[in-house]
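User: I am new to this structure and would like a quick tour. Could we take it question by question?

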Amino acid sequence: LEDLFRHLMREVKGVELAAFPRITWQQAMDWYGTDKPDIRYDLRIRDLTDLAREGGFSLFRKVAESGGVVRAICVEGGAAFSRSEIDDLTARAVRYGAGGMAWIALRPDGVYSILTKYFTEGQMQAILDRMEAAEGDFILFCADTLPAVRRILGQLRQDIAEMQGLKDPADYKFLIVQDFPQFEYSEEEHRWVAMHHPFTMPYPEDMPYLFTDPGRVRAQAYDVVLNGVELGSGSVRIHRSDVQQQMFSALGFSAEEIEARFGFMVHAFGYGTPPHAGFAFGLDRLVMLLLGESSLREVIAFPKVKDASCPMTDAPTPVDAAQLSILGLTPGEAVAKAGRQAARAAVDVDAVARLAQLSVPTEGRAEMAAQLEEMVAFAQQLSSVDTSAEAAMEHVGEECNVFRADVVQNGDAREELLAAS
C-alpha cells in the first residue's frame with residue numbers, strides 16, 4: 001500500500017518520498033486532536049493536567065480533579081499575535097465548545113498572562129518546560145473533558161496553521177494511523193458499538209477484554225492520511241468463525257439478528273475464509289490534493305453545488321403526489337390538487353421574505369412562490385391524513401440491542417406542528 005502511494009507520487013508529481021511515519025490512533029488523538037492529522041507542521045498538543053492540578057487557578061484544578069484534562073499548544077513566534085488575533089482565537093475556541101481560552105505570551109519583558117497570579121514561579125517554569133516554550137512563543141490552553149479538549153484544540157491547531165501560512169500545498173506529508181479502537185461507546189444507545197464495522201479483526205492479545213473492558217480492545221485497522229485528509233481506510237478482516245461469533249456477542253446481537261442481518265457472511269465462513277485484509281481509498285481526494293485544489297467539486301465531472309443541488313439535472317426537484325402515492329406517502333392526487341389550489345391563494349412571498357430576512361429579486365419571485373406552494377400543499381396533505389388510530393412511536397423500525405427502553409413522550413398536536421406552514 002505504501003509502495004503504491006510512493007509510486008504514484010514519483011510518477012505523477014516527480015516527488016520521492018521517504019517511508020511513511022506510523023502512529024497509533026491514541027497518539028494521533030492526544031498529539032493532534034484528530035485521527036487524520038496534518039503533519040506538515042508541528043503544533044503538538046501537550047498534557048498539563050498534573051501541573052494544572054497543583055496551581056491555584058480554580059478552573060484548571062476543578063477540571064483536573066473531576067477527571068477532565070488540561071492541555072495546551074505552543075505556537076512558535078505567537079507572542080507577536082495582536083490583541084484582535086487573540087480575541088479571534090478565543091472566539092473560535094468558544095465556537096468549538098470551550099468556555100473561554102487562557103493563554104500565555106512569552107514577550108521580551110517576561111511572561112504576560114493572567115495565569116501568573118495563580119501559579120508560583122516554579123510552577124510556571126514547569127509549564128513552560130513541559131511545553132518547550134521559548135521567548136517569542138504563545139501558549140493557549142483548554143480545560144474540559146478529554147473528547148472536548150481533543151476537538152477544540154484539534155480545530156484551533158488547524159486554524160493557527162492557516163493564520164501562520166503553514167499549509168504548503170506543494171509539501172506532501174503522508175501518515176499511517178493504526179490501532180484504532182475496536183469499539184466506541186454510544187451515548188445515544190447507551191452501549192458499546194463497533195467503531196468501523198463488526199468484521200474488523202481485534203488484536204489477539206486484546207481478546208480477553210472483549211467482554212470485560214471493551215474500550216481497551218484495539219482493532220487491526222489503519223488509515224492513510226495526506227496533509228490532514230483521510231485518503232482511505234482498511235483493516236484485517238475477521239476470518240475465524242469463532243472470533244466472529246464472539247464479536248457479535250460482545251455487540252449484543254441475538255442469533256436471530258445475526259441471521260437476519262449477517263446471515264450471508266456467517267454462511268460463507270462455513271466454506272473456509274483465508275486471512276485477508278483490505279483497503280479502499282478515495283481517488284477523488286487524492287486527485288484533489290495532487291492538483292492543489294481545496295474542494296472535491298473541482299475534480300468531479302458533475303458536482304453538486306453547496307446547497308446539494310445538481311446544476312446538470314436540476315435535482316432535487318419537488319416530488320409530485322402521484323409518485324408519493326406509489327410509495328404510500330400521500331392519500332392521492334385529488335387531495336394534492338386541492339392542496340395546491342389552496343396554497344396558491346395563501347402564499348404571500350413578501351411576508352415570507354420579511355420573516356426570513358431575505359431579499360427576493362423580481363426575477364426570482366415566481367420560482368419562490370412555486371416552491372412555497374409545493375411546501376404548503378405537502379403540509380396540507382399531511383394534515384388531511386387521519387392518524388388518530390395510530391399509536392405514537394419514536395422509531396419506525398423495531399428497537400434492538402437497546403438496554404434502556406425509550407419512553408414515548410406526548411408531543412405537540414399535529415395542528416401546532418404544522419401551524420407555521
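User: What kind of model is this, and what is its average pLDDT?

Analyst: This is a predicted model. Of its residues, 87% score at least 70. Over the chain, the pLDDT averages 86.

User: Over which residues is the pLDDT below 50?

Analyst: One stretch to treat with care has 9 contacts in the model beyond near neighbours in sequence. Where pLDDT is low, the predicted coordinates should not be read in detail. The stretch below 50 is residues 332–336.

User: How many helices and strands are in the chain?

Analyst: The chain has 421 residues, and 36% of them count as buried. Its surface exposes about 24,400 Å², with 53% supplied by carbon and sulfur atoms. The count is 15 helices and 12 strands.

User: What share of the contacts with a separation of 6 or more comes from residues 24 or more positions apart?

Analyst: Take the contacts in the chain with a separation of 6 or more. Those between residues 24 or more positions apart make up 66%.

User: In what order do the strands of the antiparallel open sheet run?

Analyst: This open sheet has 5 strands, and the pairing is antiparallel. Its edge strands are β2 (45–47) and β5 (110–112), each pairing on one side only. From one strand to the next, the twist averages 25°. The order is β2-β3-β6-β4-β5.

User: In β3, which residue is the bridge partner of I45?

Analyst: β2 and strand β3 (residues 69–75) run antiparallel and are joined by 3 bridges. Within β3, I45 has as its bridge partner I73.

User: Which helix lies across β3 and β6?

Analyst: The helix covers residues 58–65. It runs at about 50° to β6 (138–144). The helix is α4.

User: Which element gives the most residues to the largest nonpolar core?

Analyst: This core has 26 residues; among those with the most contacts inside it are V75, M101, F138 and L140. Two or more residues come from each of β3, α5 (83–95), β4 (103–107), β6 and α7 (146–163). The top contributor gives 7 residues, and that element is α7.

User: Which residues does L153 contact, leaving aside neighbours within four places in sequence?

Analyst: L153 is one of the residues with the most contacts inside the largest nonpolar core. Its contacts beyond those neighbours are I45, R71, A72, I73, L140 and C142.

User: How many residues are in the second, separate core?

Analyst: This core is separate from the largest one. Its members include F57, V70, I127 and M131. The total is 19 residues.

User: In what order do the strands of the mixed sheet run?

Analyst: Here 5 strands form an open sheet with mixed pairing. β1 (22–24) and β12 (277–281) are the edge strands, each pairing on one side only. The twist averages 20° from one strand to the next. The order is β1-β7-β10-β11-β12.

User: Which helix packs on this sheet, touching β10, β11 and β12?

Analyst: The helix spans residues 283–290. Its direction makes about 145° with that of β11. The helix is α10.

User: How many residues of β10 are buried?

Analyst: Strand β10 covers residues 221–226. A221, D223 and V225 point one way, while Y222, V224 and L226 point the other. In a regular strand the side chains alternate between the two faces of the sheet. Both sets in β10 are buried, giving 6 of 6 residues.

User: In β10, which residue is the bridge partner of V177?

Analyst: Strand β7 (residues 174–178) and β10 run antiparallel, joined by 5 bridges. The partner of V177 in β10 is D223.

User: Which residue in the turn between β10 and β11 has a positive phi?

Analyst: β10 and strand β11 (residues 229–236) run antiparallel, with 6 bridges joining them. A221 has S235 as its bridge partner in β11. The two strands form a hairpin with 2 residues between them. The residue with a positive phi, about 50°, is N227.

User: In β12, which residue is the bridge partner of G234?

Analyst: β11 and β12 run antiparallel and are joined by 5 bridges. In β12, G234 is partnered by F279.

User: Which residue takes a positive phi in the hairpin of β8 and β9?

Analyst: Strands β8 (residues 183–186) and β9 (residues 191–194) pair in the antiparallel sense over 4 bridges. E184 stands opposite V193 in β9. The hairpin has 4 residues between the strands. The residue with a positive phi, near 55°, is H190.

How values were computed. Residues numbered from 1 in each chain as written. Predicted model: local features only at pLDDT ≥ 70, side-chain atom pairs only at ≥ 80, totals over all residues. Heavy atoms only, no water. Pairing = 2+ DSSP bridges. Axes fitted to C-alpha atoms, helices over the stretch in contact; angles between N-to-C directions. Contact = heavy atoms within 4.5 Å. Buried < 20%, exposed > 50% of the residue type's maximum accessible area, 1.4 Å probe, protein only. Areas by Shrake-Rupley, 256 points an atom, 1.4 Å probe, with all protein chains shown as cover. pLDDT = per-residue confidence, 0-100. Core = buried A, V, L, I, M, F, W, Y, C linked by side-chain atoms within 4.5 Å.
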